[in-house]
Amino acid sequence: MAASKFYVVWVGHKPGVYRSWAECQAQTNGYPQAKFKSYESEGEARQALEKGWQKSLNFAAKGTGGTQGAAKKSATPESAPEVDYDSISVDVGCSGNPGIVEYKGVDTRTGEIIFYQGPISKGTNNLGEFLAIVHALAYLQKKGSKQTIYTDSVTALSWIRKKEVSTNLVRDASTAEIWTLVDRALKWLHTNSYTNKIAKWDTKKWGEIKADFGRK
């Protein structure tokens, strides 16, 4: 059974500590530059709420020594990278891994769903995330938009850069659906160009990605 989490909302419709991701989303979706984060215990969450988001989210100040560490120690919350809200955020929901896959892309500012795909009968989290990124690229190309795309998957990002996937998911009748979509996505990458920035969503600084399915 998954451990319970507590969600702090510093900047949102109604700041406070919430016991579910759904409650947290209700306070942050559609709120410009909302600030929120999950914690393992209620006590830790309430301490973070009291400290405020500037101190609680200032991970850049935790230098580890050396030149790089010194630079981090001198950083301030104001100098830390901020979310580009004029963007699309993508995420995947997977019931089992492998399992039934669905993915979506949302407006990072409002949380409004821009596209949704699923359920796909059998696949993996990483393949779903890869498909979501390519879907977003194709969507933005049709719009003629240079918007940023956010993902929280390092693996999917590397696959996009290499224009290839590396997975143990077998090709058989049960996985034919997702492999058809992956092959189509790979073909798109090899036959199209794009200038959109694809960035890693920093969950520690910004909380869960806006496209999150809430299955924590």
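Two strands count as paired if DSSP finds at least two bridges between them. The structure used in these exercises is a predicted model.

**Exercise 1. A strand pair**

Task: State in which sense strands β4 and β5 pair, and find the bridge partner of Ser95 in β5.

Solution. Step 1: locate the strands; β4 covers residues 87-96 and β5 covers residues 99-107. Step 2: read the pairing, which is antiparallel and runs over nine bridges. Step 3: look across from Ser95 into β5, where the bridge partner is Ile100.

**Exercise 2. The sheet around that pair**

Task: Give the order of the strands in the five-stranded sheet, and explain which strands stand at the edges.

Solution. Step 1: the order is β6-β5-β4-β7-β8, in an open sheet with mixed pairing. Step 2: β6 (113-123) and β8 (198-200) each have a single partner strand, so one side of each has no neighbour in the sheet, and these two are the edge strands. Step 3: for the twist, neighbouring strands are turned against each other by 20° on average, direction ignored.

**Exercise 3. Helices on the sheet**

Task: For α5 and α7, list the strands that each helix touches.

Solution. Step 1: α5 (residues 125-143) packs on the sheet and touches β4, β5, β6, β7 (148-151) and β8. The direction of α5 makes about 150° with that of β4. Step 2: α7 (residues 176-191) also packs on the sheet, touching β5 and β6. Its direction makes about 130° with that of β6.

**Exercise 4. Helix α5 against α7**

Task: Classify the packing of α5 and α7 by angle, and describe the residues that meet.

Solution. Step 1: the two helices pack at an angle of about 45°, with their axes 10 Å apart. Step 2: α5 is therefore oblique to α7. Step 3: the handedness of this crossing is left-handed. Step 4: the residues of α5 in the contact include Leu127, Phe130 and Leu131, and those of α7 include Ile178, Trp188 and Leu189. Step 5: sorted by class, the contact holds 13 nonpolar residues, one polar residue and no charged residues.

**Exercise 5. Helix α5 against α6**

Task: Repeat the classification for α5 and α6.

Solution. Step 1: α6 spans residues 154-162, and its axis comes within 9 Å of that of α5, crossing at roughly 55°. Step 2: this makes α5 oblique to α6. Step 3: the crossing is right-handed. Step 4: α5 contributes Asn126, Leu127, Glu129, Phe130, Ile133 and Val134, while α6 contributes Thr155, Ala156, Leu157, Trp159 and Ile160. Step 5: by class, these residues are eight nonpolar, two polar and one charged.

**Exercise 6. Buried or exposed?**

Task: Decide whether Gln25 is buried or exposed, and explain how far strand β3 is enclosed.

Solution. Step 1: the cut-off for buried is under 20% relative accessible area. Step 2: Gln25 has a value of 17%, so Gln25 is buried. Step 3: Gln25 lies in helix α1 (residues 21-28), and beyond its neighbours within four places in sequence, Gln25 contacts Lys210 and Asp212. Step 4: in β3 (residues 35-39), four of the five residues are buried, so the strand is largely enclosed by the rest of the structure. Step 5: β3 runs antiparallel to β1 (residues 6-11), joined by five bridges, and Tyr7 stands opposite Ser38 in β3. Step 6: for the whole protein, 45% of the 216 residues count as buried.

Note on methods: Residues numbered from 1 in each chain as written. Predicted model: local features only at pLDDT ≥ 70, side-chain atom pairs only at ≥ 80, totals over all residues. Heavy atoms only, no water. Buried < 20%, exposed > 50% of the residue type's maximum accessible area, 1.4 Å probe, protein only. Contact = heavy atoms within 4.5 Å. Axes fitted to C-alpha atoms, helices over the stretch in contact; angles between N-to-C directions. Parallel < 35°, antiparallel > 145°, perpendicular 65-115°, else oblique. Left-handed = near helix turned anticlockwise from the far one by under 90°. Nonpolar A, V, L, I, M, F, W, Y, C, P; charged D, E, K, R; others polar.
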